[in-house]
Each structure stands twice: as C-alpha cells, then as structure tokens.
Amino acid sequence: MINTIIFDLDGTLVDSLEDLANTVNILLNKRGYPTHELDQYRYFVGNGVIKLIERALPQEHKDEVMVLKQEFDEKYSLNCLNKTNAYPGVNELLEKLKKLGFNLAVVTNKPQEHAIKITKTLFPGYFKYVFGNSMRHPKKPDPCLTNLVINLFDVKKNEVIYIGDSDVDIQTAKNAKVKSIGVAWGFRGARELKDSGADYVVDQADEILEVIDDWSK
Ligand SMILES: O=C(O)COP(=O)(O)O
C-alpha cells in the first residue's frame, strides 16, 4: 500500500527554467561571457546551483563559480517567482492526494531557501516536509534526505514513491530503495527517464493517481 509521495521540485512540480536561465544569463552577461539558450539550461539544472553555474560558465572561467553562486543566490531569491509556475494538473493532483490522506514531501537539489519560498507560495499547506540543498546534507542522488523523510513519516520503503523528471531523481529513488515515477513533461523528457530505469513514466499529472492505485493493489 502506497501512503507517501516524495516529489522533486524543478521540472516536476514547477516549470522554473526561465527564471533560472534568466538569472544565470544576467550574471554571465554582466561579465561579458556568452549566455545560453533556454533549452540548454534543461541540461544544466538538476545537480544543484554550483553545478548549474559551473556548466554555464566558459571553460576558462570555471574558477569563478563560488563568486557567481553568491550573486545567484541573492538575485534568484528576488526573481524565483517571476515566470515560475506549477505544471498543468499539478495543483489538482496535490489536492486529490491530500484529500486521500497521503503523506507529501519535497526533496530537491534547489537551495533550501528557494525551495521553501516557491512551495509556500505555489503549494501552501500541501507538504509536511520540504528539504532542499544545504551544507548539512549531500545532494541527490544521495538518498540521505529521502531517507530522512521516510523516517520522519515513519513509513516503510515499499509504501513510498519518489517522483521526478531527471536521471538524478530516478537514481535517488534507486539509492533510497523506493519506487520511482518519471514525469515526461519536465526538463529532460521520457527517453532519459526510461534509460535511467524509472519504474513508470507518465505524460500527465492525473496518470500518477492511476499508477498509485495499481501499485497499491
Ligand atoms: O538542481 C537544482 O537546482 C534543482 O534540482 P531539482 O530538480 O532537484 O529540483
């Protein structure tokens, strides 16, 4: 019986690509470095901000990553909800899951502060735990924060599903030894999710309820 759903944030619950890309492009532009097209950022996001900036910086300036990170953190805090919105069907899905009594949480590689701000604004009252990246815990695909959520809810691994949009998310589920659902509407698409071994890949949010139903039989 499934009773706990843990979600990734960027590319799964919210389309945050434009705000992330705009913030990094402004920082690159300010230094006269080349910027990137929106679609390129699909492959830069997913392993946390340091990796995002490292991937976006020109080869000869990779050593400036921590300076840009600090600027990113300040700038993105003010701009993380400019264009960022829930994907279609996500609000309805969360409402149904909440009504059905599921334990709901978010585990993301986004910095904790930004993860809290976005989930509080777009999904108030749905998530008991929102854990983002901080210096205290290793990032996904390390299962540390997913395991922490499982312990806090006091549930068994076979009662849990992790839902995400990238290979990092599917690997996180595998490392935590829980089932995974990949969402094809996210930053990476169905191919990557299938190749990384997702237990199921969905095209639309309402399919998630059917999969949960199936796995609960
Ligand atoms: O890498 C990020 O900053 C966001 O990653 P997420 O897909 O875990 O939410």
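These legends describe close-up views of a predicted model of a protein chain with a ligand.

**View 1. Two domains make up the assignment of the protein chain.** Domain 1 covers 4-15 + 85-216. Domain 2 covers 17-79. Their C-alpha centres lie 24 Å apart. The contact between them takes 14 residues from domain 1 and 14 residues from domain 2.

**View 2. The ligand takes up the space of the largest cavity.** Both domains help to form the shell around the ligand. Domain 1 gives at least three residues to this shell, and domain 2 also gives at least three.

**View 3. A shell of residues surrounds the ligand.** Asp8, Leu9 and Asp10 are among them. Val45, Gly46, Asn47 and Gly48 also belong to the shell. So do Thr108, Asn109 and Lys110, along with Lys140. By class, the shell divides into 2 nonpolar, 5 polar and 4 charged residues.

**View 4. Backbone atoms of Asp10 and Gly46 approach oxygen atoms of the ligand.** At Asp10, a backbone N or O atom lies 2.9 Å from a ligand oxygen. At Gly46, a polar backbone atom is 2.9 Å from an oxygen atom of the ligand. Taken alone, the ligand exposes 280 Å². The protein buries 97% of that area.

**View 5. The side chain of Thr108 makes a polar contact with the ligand.** Here the atom on the protein side is an N or O atom of the side chain. Its partner is an oxygen atom of the ligand, 2.6 Å away. Thr108 is one of the residues around the ligand, as are Asn109 and Lys110.

Conventions
Residues are numbered from 1 along each chain as its sequence is written. This is a predicted model: local features need pLDDT of at least 70, side-chain atom pairs count only at pLDDT 80 or more; totals for chains, interfaces and linings use all residues. Side-chain values use heavy atoms; hydrogens and water are left out. A residue is near a molecule or strand if one of its heavy atoms lies within 4 Å of it. A polar contact is a pair of N or O atoms within 3.5 Å; within protein, one must be able to donate a hydrogen and the other to accept it, and residues adjacent in sequence count only if both atoms are side-chain atoms. Accessible areas come from the Shrake-Rupley method with a 1.4 Å probe; for residues, only the protein chains shown count as cover. On a 1 Å grid over the protein atoms alone, a cavity is a set of points where a 1.4 Å probe fits but cannot get out, and a pocket is an open set with protein on both sides within 12 Å along at least five of seven lines; lining residues have an atom within 4 Å of a point. A molecule sits in a cavity or pocket if more than half of its atoms lie within 2 Å of its grid points. Ala, Val, Leu, Ile, Met, Phe, Trp, Tyr, Cys and Pro count as nonpolar, Asp, Glu, Lys and Arg as charged, and the others, Gly among them, as polar. Domain bounds come from an automatic or database domain assignment. Contact means heavy atoms within 4.5 Å.
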